[in-house]
Amino acid sequence: MMTEILNCSPKGAARAGELLRAGGVVAIPTETVYGLAADALNPAAVKRIFEAKGRPGDNPLIVHITEIEQWGPLVSSLPAEALRLAERFWPGPLTIILPKSRLVPYETSGGLETVAVRCPSHPAARAVIEAAGAPLAAPSANVSGRPSPTTFAHTYGDLKGRVDAVMDGGDCPVGVESTVITLCGDVPRLLRPGGVTEEELRAALGELEIDPAVLGELRPGERAASPGMKYKHYAPRAQIEVIDGSPEEYIEYVNSLPETGGIYALCFDETREHVKIPAAAYGPRFDRQAQARELFGALHRLDELGAERALAQMPGRAGVGLAVYNRLMRAAGFRVRSLPGPVIVGLVGPSGAGKSTVAAGLVKRGFGLIDCDALTRRPDVYDSGCIESLARAFGGDIAPGGVLDRRELGRRAFRDKESAKLLGRLTFPAITRAVRREAAGMRGPVLLDAPTLFEAGLDGMCRRILAVTAPEDVRLGRVMARDGLSEAAARARFRAQQQESFYVQRADISLDNSGVFLTKAGLDRLYSELKGEG
Ligand code: TXA
Ligand code: MG
């Protein structure tokens, strides 16, 4: 079959519309991934999607519309919470499942009595739906089982000769498929994580269940709520293993492997320069949007490089990270290797958030604790070389007779941001060495409470990051009471620190600690999640 290449232009959209009205199949860009579209209400056209993709016929398709008004005819009823979700997140990467109307053929719904609908935001996708004058069924535009395409080249590479046309819309801005939620049960249930996050859905809905297939593998005999979840997915040709370890542990492990060739690293951008084996990077460690955008491209790159095996750095699961984690785990067939060292969890958050309360609860459950503030007060942390350089920077009288006057050092170092930075530069190496010494002597899981965890680079030692948060007025009250500060002084301290969002953005788990007590059950759950049993 001849496959036309169409531009993202009114002319291209018109041609796509023409082909679709005639029962054709056309690959189009959307904000999530490229989709392979056909008229959702035309069974013969929909069948051609399944043929082109080699997709099992019981795997239902998502129906794409441009206006909420087009939804009503496709479903048997529209509950209020469905409309609330649509108003909040459409157009955008959210798919909502409801009981279908008779209008939707079983070819589209994969034989189910329900239909998944989404309203994409990508202008080209919207133009094509309008030109076709019909709702469009569109699964991801890959051959079944392969990574979803996020670029024109990958789409064309997979589908050339199998479809009527492919529209070139450049790279997809979200990079992972839409979030899929079903409203067919008693409680809304997340079936597939995506660009709209679990946290956002909870905020909009209140109640939300997470389908077991989101985080784990279905056990034999278990029925998939979303048929797509039962198939191996997103797999490049390379066999992937996900490595659970800190960045430092990951680097050490990967560099200790014999150089037999064929093994690749699938790692964060920052890690790349430290590994000796060839690597494909999938975004910065703490930029989960970028990871979502880049993951499928990185999986394709492994193929292009001819990788036979790849060792993937495990992504964090917060926010869009859950979608990245879900896709990578599926690509790996759920193979995970947990590195042998103790799990170190970085504990961060602004003053007054209640880190110590959380720490105490975790210590009671078996965590060891490294308290960096206490560590830096020990007389032996700074060696003589370090003290000399401090004296050169801040004045000889901060170390009369070679003995550090910490109070005087503090006064000079914290008078402005530049001095504080300089203090950090001079002391972080010594602090890091002290933390390493401590950690080396510890067995089970360890909490690392370090106010300057990221600035000192100690996050490289941490497998996970736990942020403790609380509303600013709660924190203000706590800091004033605890340290006897005036409101002005407490506010000044907050201004000198990182914003709460700085920590939350980097955290695998963020815990709101505004109440006085954390529940026992909550701490138990946190404990096993941090250890990696969650
Ligand atoms: O972002 C996206 O959603 C992309 C773009 C093209 O819109 N489309 C996409 O479609 O990812 P697809 O077919 O690759 O994935 C749809 C997923 C499958 O896992 C499918 O089983 C599930 O949604 N699904 C569709 N209809 C369903 C239904 N009625 N009940 C349960 N799961 C359904
Ligand atoms: Mg797909």
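Here is a short chat about two sheets and a ligand site in a predicted model.

Colleague: Before we start, what does pLDDT have to be for local features here?
Modeller: Residues are numbered from 1 along each chain as its sequence is written, chains are lettered from A and ligands numbered from 1 in the order written, and side-chain values use heavy atoms, with hydrogens and water left out. Totals for chains, interfaces and linings use all residues, side-chain atom pairs count only at pLDDT 80 or more, and local features need pLDDT of at least 70.

Colleague: Which strands stand at the edges of the sheet S14-S13-S15-S12-S16?
Modeller: Strands are DSSP runs of E, at least two residues, and helices runs of H or I, at least four, numbered from the N terminus. Two strands pair if DSSP finds at least two bridges between them, and this open sheet of 5 strands is parallel. Two of the strands have a single partner each, so one side of each is left without a neighbour: they are S14 (279–281) and S16 (336–338).

Colleague: What angle does helix H11 make with S14?
Modeller: Axes are lines fitted to C-alpha atoms, for helices over the stretch in contact, and angles run from 0 to 180 degrees between N-to-C directions. Contact means heavy atoms within 4.5 Å. H11 (residues 288–304) packs on the sheet, touching S12, S13, S14 and S15, and its direction makes with that of S14 an angle of about 165°.

Colleague: Now the ligand: how much of the accessible area of ligand 1 does the protein cover?
Modeller: A polar contact is a pair of N or O atoms within 3.5 Å. A polar side-chain atom of Thr32 lies 2.6 Å from an oxygen atom of ligand 1, and His64 has one at 2.6 Å from a ligand oxygen too. Accessible areas come from the Shrake-Rupley method with a 1.4 Å probe; of the 680 Å² that ligand 1 has on its own, the protein covers 97%.

Colleague: Which element gives the largest share of the shell around ligand 1?
Modeller: The shell residues, each with a heavy atom within 4 Å of the ligand, divide into 12 nonpolar, 9 polar and 4 charged. Strands S4 (62–64) and S6 (114–118) are the elements that give two or more residues. The largest share, 3 residues, comes from S6.

Colleague: In the sheet S18-S19-S17-S20-S21, which residue of S21 does Thr469 stand opposite?
Modeller: This open sheet has 5 strands in parallel pairing. S20 (residues 464–469) and S21 pair over 4 bridges. Opposite Thr469 stands Asp512.

How values were computed: Polar contact = N/O pair within 3.5 Å; in protein donor to acceptor, adjacent residues only side chain to side chain. Nonpolar A, V, L, I, M, F, W, Y, C, P; charged D, E, K, R; others polar.
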